[in-house]
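Here are some short exercises to work through with the model open beside you. Try each task before you read its solution.

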Amino acid sequence: MLSKEDNKLLTETDKGTPMGELFRRYWVPALLSEELPAPDCQPVRVTLLGEKLIAFRDTNNQVGLLDEFCPHRRASLFFGRNEEGGLRCVYHGWKFDACGKCVDMPSEPPESNFKSKVSIKSYPCREFGGIVWTYMGPENEMPELPVFEFTLVPESHRFFSRRIQESNYFQGIEGGIDSSHISFLHRRVHDNPTPTQKAVENGAPKFEVGKTDYGLLIGARRETKDENFYWRITQYVMPWYALIPPTTNQSQLRTGHAWVPMDNENCWHWSFSWIPEAPISEPMRENMRAGRHELHTELIPGTLRPVQNKDNDYLIDRELQRSKKNYSGIRGIGMQDAAVQESAGVIVDRSTEKLGTSDAAIIVARRVMINAAKGLEKGEAPPGLDVEKIKVRAASIMLSKDVPFQEGAAELMKLRESDFVYSS
Amino acid sequence: MLSKEDNKLLTETDKGTPMGELFRRYWVPALLSEELPAPDCQPVRVTLLGEKLIAFRDTNNQVGLLDEFCPHRRASLFFGRNEEGGLRCVYHGWKFDACGKCVDMPSEPPESNFKSKVSIKSYPCREFGGIVWTYMGPENEMPELPVFEFTLVPESHRFFSRRIQESNYFQGIEGGIDSSHISFLHRRVHDNPTPTQKAVENGAPKFEVGKTDYGLLIGARRETKDENFYWRITQYVMPWYALIPPTTNQSQLRTGHAWVPMDNENCWHWSFSWIPEAPISEPMRENMRAGRHELHTELIPGTLRPVQNKDNDYLIDRELQRSKKNYSGIRGIGMQDAAVQESAGVIVDRSTEKLGTSDAAIIVARRVMINAAKGLEKGEAPPGLDVEKIKVRAASIMLSKDVPFQEGAAELMKLRESDFVYSS
Amino acid sequence: MLSKEDNKLLTETDKGTPMGELFRRYWVPALLSEELPAPDCQPVRVTLLGEKLIAFRDTNNQVGLLDEFCPHRRASLFFGRNEEGGLRCVYHGWKFDACGKCVDMPSEPPESNFKSKVSIKSYPCREFGGIVWTYMGPENEMPELPVFEFTLVPESHRFFSRRIQESNYFQGIEGGIDSSHISFLHRRVHDNPTPTQKAVENGAPKFEVGKTDYGLLIGARRETKDENFYWRITQYVMPWYALIPPTTNQSQLRTGHAWVPMDNENCWHWSFSWIPEAPISEPMRENMRAGRHELHTELIPGTLRPVQNKDNDYLIDRELQRSKKNYSGIRGIGMQDAAVQESAGVIVDRSTEKLGTSDAAIIVARRVMINAAKGLEKGEAPPGLDVEKIKVRAASIMLSKDVPFQEGAAELMKLRESDFVYSS
């Protein structure tokens, strides 16, 4: 449960709001590099933290992220000509470079030098790990670019996608750090379950949630048939990342997510899939591309909205639900999450919920976020900006009951950057 | 004409409003029994009086009507698993029975006993006459279930449907008790009109409107070629029922309606068709099912919205209108009503209308409704809760001019429950 | 740049607003005469200045423009029967003539004479030049009907269309008097450009903007290869007309526009095409009718919304844009304008724009409009109501640099009504 005031603070991220200002201190994943496939390709609309922006890749391969609207008479630069080192408004030919500088103003006499007095809002962009990152905060506060395992692996080892989620970002985060719901929403029936699969059927894990320099370390343990605990360890990295434990640590494919506010009522749901040690096979990649993967879902052509969405009840199949092969009747883990998270309303009213012990991580995460936002207002530094500190991994492991997971999984949870050759 | 204040009082029915509190003292027709065709079938969304609810039929055939949103983290129970005596949220497996009791909470350790502290808002349901009725008011004020002729006849003798009307409920009621508009909106051309048909062409009936224990008794008389008056007698039963007079009392098929607020801007339009003495023939029933009947219209598959709707101007056919075979050019009495009622705006501004003598029933009905709502606030009992008193019928009859309709039609207007074997 | 207050004053046109009251002093082009093709044809919805209205042509060929909603119980007269000298509401048969008088009220007893106490809001209409004009202001302030060249030419010489523009009207006007943007938004590549075509490539014309009795006389001059200036002279006629200069004055086809507020967030975009001296050829007229012309665009059947619209990014073709054969990649001058004007938002926030010298006409036009609205509040007469004064023409001409355009183009800019036989 959260007071209406705290819920407002947690969920509103426009410029000037406490959470909006906090988020503007971090690098923001804005879009996939491949969404701007070549120099001078067509621009892409990106709304971030309530700001309507246009991304483009200029002739020199530099990515710019500008205010969507030309400062002259506010026509959308989406219709702009991307050519010769800048994006040109088609209304009167004003042209801006990737830094927002007005580099041509052919509708004004050259002698007026009006051009030098005009610029457009722009945010610095960096490309790393297949992602265009931007920084929307005060210039002198720009931190280092964050480093995740998924941005370190070679391009061949990873597949990322982003899509619109029609809810406030925090509903996504709550699902991401909630190890309990996998026993229900994502339950599968296994004919011959492994001990791990068997353990996951226990929907009432005990949580140990620790605040860290970078966010939260969340251990969820389940009883097994023998002496061990089965531990699922989720990493929550400020301000919106969740590194999801694989079912077993032998699983090759790993998963992370980010939920980046588009505006208060929608967010960008990012799914990061990667294999640390090996390339993603072509059939698997093809499945991901086609939207037939658990996390990478099919999108309505020309949009970033899933084909399964709230207007069609996520194409729920009641026969499939009844069969118990699929707990919800909704296809795909990603769409199962979307269904429950979006169905609670675009901004869930947390003053009326009833939280239990299995919501421990969520309760702490809300507090961490709210405290960080309030702390920033009081002049405290935002947590999680030290790149060295966020080099962590999720893990799952069977451990003897007398071994604390922080110790038993210590090695698994370390990210050694030296293991990777930078991918870009 | 109604003041803006009275119009607001008349049209707003959310919890806490005067009219909303009044309506919560009556049993509400929530959905058709057949919409929940079998135990453990899929749940159905029903919004009533501004409250989003989920109806389901449990393993033991009991119908439950719960808050749509799980009290835990507010996921919609529409996606829930309906199984083994309750509806289970797919997010974390919390399960509620038809009374709203939490009967399973597998995401929490059993020892916490959190389950016993949690329940979900639920409304008692009863099935009678093919309808699921619910009661949304204070427990100790629950009245008896209402009894109408259409709920008494055997299943074979009746056909009911409900659909969304995209207007406030009271615009529907106004049409339902307005005997005058049938001479226009629903006018038909008859090659050899009967005396009754001839009489109905007179669009200026004289109204006699009497307040009763249960609502209003509305007599509308028209001159005929001879000594008689042709009387059409509508029964308005609190809080939202209209029993419509048949064209002649020899007509076998009878009609009633209810307009139940969904929210302030939409209502559930119910159409009740029945033949007191005989089964509905299979061809007629098939027409009704297929939406080819005057009152039971075709719906957009998967929805309760008519195929003819305001977005397509109810598929008005101007040639048909010009031909005079159909006064409005709109097919179906139900859709003719929807067109004029919805076209006035979702909540008609009654401060700007101009009422005549033919609006007598409407004027009194508004006053009855407003007084009942205000009366309840002052502690007065709502009218029409005495089941014995609502056992009435609509009628149409030719009567000598010197016979008051209350006398001449007295027998026709009585509903004798003993004539029927209870149908469920 | 405009203050938020002035922007509000400029853009809001509902009854009672300063600009709304100003506009109600002028004749308003409401619809095309051909939209009401015959006596007793079906009525047409027209929203003007925030008022929902219904136009119909009565049995005697007179056009009426009434409140959309029947004064009785507010049903829409769109569904009305248009017959025998009036429009009849299908709900209860109340019938109104083109002047708004209630001429039949069959739902009331004749003796009540209620009919004589009821009328419906109606606005006087006149047909001239293929257009139905209406006047929505105080009766005693009705001016003469305006006279434009396009309303004087024979029917064979003209083609008009109207469509919805999904923005405030003033964004349309700003585009219409903005001679600079044609060098960009509407740029074409010519293999062998004429001197005029060459001149138009100069996107930084010098503006001379003069206030006149009727609005603004806007001269935009461009340098040419030789001694001359190439002048494009736009006429802005109060309150919403722009007469567009042809590329050369030898062009036969001439163009004018009007942007008439529908409500604050939408307007009617009128395009007037005509050839003063000759009929429009059948192939050209066929292109216009089919929506394949630069200005007369294809509409979604049954609506006045363009097929190219903001929901599909005006069907922008990025390959075409890249080819430079079409600067924006959007087909049709009209749709190019719509794209930039609508993309700035339904009501552009003029407090954040950056205007240059090429925006001179726009700056003056805003001031003229605002002053006229404020002037009316102080009792001053609206400008441009003297029909003799608005008899002007747009022009384009090459002039020696030492000749003021007001002199050099004086003859071209005069409209001699005596040249025309009235067309209706």
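**Exercise 1. A covered helix**

Task: Find which residues of helix α4(A) are buried, and what caps the N-terminal end of this helix.

Solution. Keep in mind that you are looking at a predicted model.

Step 1: Go along the helix and list the residues with under 20% relative accessible area, the cut-off for buried. You should get Y169(A), F170(A), Q171(A), G172(A), I173(A), E174(A), G175(A) and G176(A).

Step 2: Set that list against the helix itself. Helix α4 of chain A covers residues 169–176, and eight of its eight residues are buried, so it is mostly covered.

Step 3: Look at the N-terminal end. The cap is N168(A), which has a side-chain oxygen 3.0 Å from the backbone nitrogen of F170(A).

**Exercise 2. Where chain B meets chain A**

Task: Describe the interface of chain B and chain A: how many residues are in contact, what area is buried, and how many salt bridges are there?

Solution.

Step 1: Count the residues. Chain A brings 37 residues to the contact and chain B brings 32.

Step 2: Turn to area. The size of an interface is often given as the accessible area lost when the parts come together. For chain B and chain A the buried area is about 2700 Å², with 52% of it on carbon and sulfur atoms. On the chain B side, F79(B), R81(B) and Y91(B) supply 26% of the area buried against chain A, more than any other three residues.

Step 3: Look for charged partners. There are five salt bridges across this interface. One of them joins E84(B) to K324(A), with the closest N and O atoms 3.9 Å apart; the cut-off is 4 Å.

Step 4: Sort the side of chain B that touches chain A by class. This gives 15 nonpolar, seven polar and 10 charged residues.

**Exercise 3. A strand with two partners**

Task: Work out how strand β3(C) pairs with strand β2(C) and with strand β4(C).

Solution.

Step 1: Locate β3(C) at residues 51–57, where six of its seven residues are buried.

Step 2: Start with β2(C), residues 44–48. This strand runs antiparallel to β3(C), with five bridges between the two. Within that pairing, V46(C) has L53(C) as its bridge partner.

Step 3: Now take β4(C), residues 63–67. Again the pairing with β3(C) is antiparallel, over five bridges, and here F56(C) is partnered by G64(C).

Step 4: Check the turns. The hairpin of β2(C) and β3(C) has two residues between the strands, while the hairpin of β3(C) and β4(C) has five, with N61(C) in the turn at a positive phi of about 75°.

**Exercise 4. Unusual backbone angles**

Task: Are L49(C) and E84(A) buried or exposed, and where is the cis peptide bond in chain B?

Solution.

Step 1: Recall the background. Most residues other than glycine have a negative phi, and most peptide bonds are trans.

Step 2: Take L49(C), which is in the loop between β2 and β3 of chain C. Its phi is positive, about 50°, and its relative accessibility of 0% makes it buried.

Step 3: Take E84(A), in the loop between β5 and β6 of chain A. E84(A) also has a positive phi, of about 45°, but is exposed, with a relative accessible area of 56%.

Step 4: Follow chain B to the bond from M238(B) to P239(B), which is cis, with omega near 0°. P239(B) sits in the loop between β15 and β16.

Terms used. Residues are numbered from 1 along each chain as its sequence is written. Chains are lettered from A and ligands numbered from 1 in the order in which they are written. This is a predicted model: local features need pLDDT of at least 70, side-chain atom pairs count only at pLDDT 80 or more; totals for chains, interfaces and linings use all residues. Side-chain values use heavy atoms; hydrogens and water are left out. Buried means under 20% relative accessible area, exposed over 50%, partly exposed in between (1.4 Å probe, protein chains only). Helices (H or I, at least four residues) and strands (E, at least two) are DSSP runs, numbered from the N terminus. A polar contact is a pair of N or O atoms within 3.5 Å; within protein, one must be able to donate a hydrogen and the other to accept it, and residues adjacent in sequence count only if both atoms are side-chain atoms. Contact means heavy atoms within 4.5 Å. Buried area is the accessible area (1.4 Å probe) that two parts lose on being put together, summed over both. A salt bridge is a side-chain nitrogen of Lys or Arg within 4 Å of a carboxyl oxygen of Asp or Glu. Ala, Val, Leu, Ile, Met, Phe, Trp, Tyr, Cys and Pro count as nonpolar, Asp, Glu, Lys and Arg as charged, and the others, Gly among them, as polar. Two strands pair if DSSP finds at least two bridges between them.
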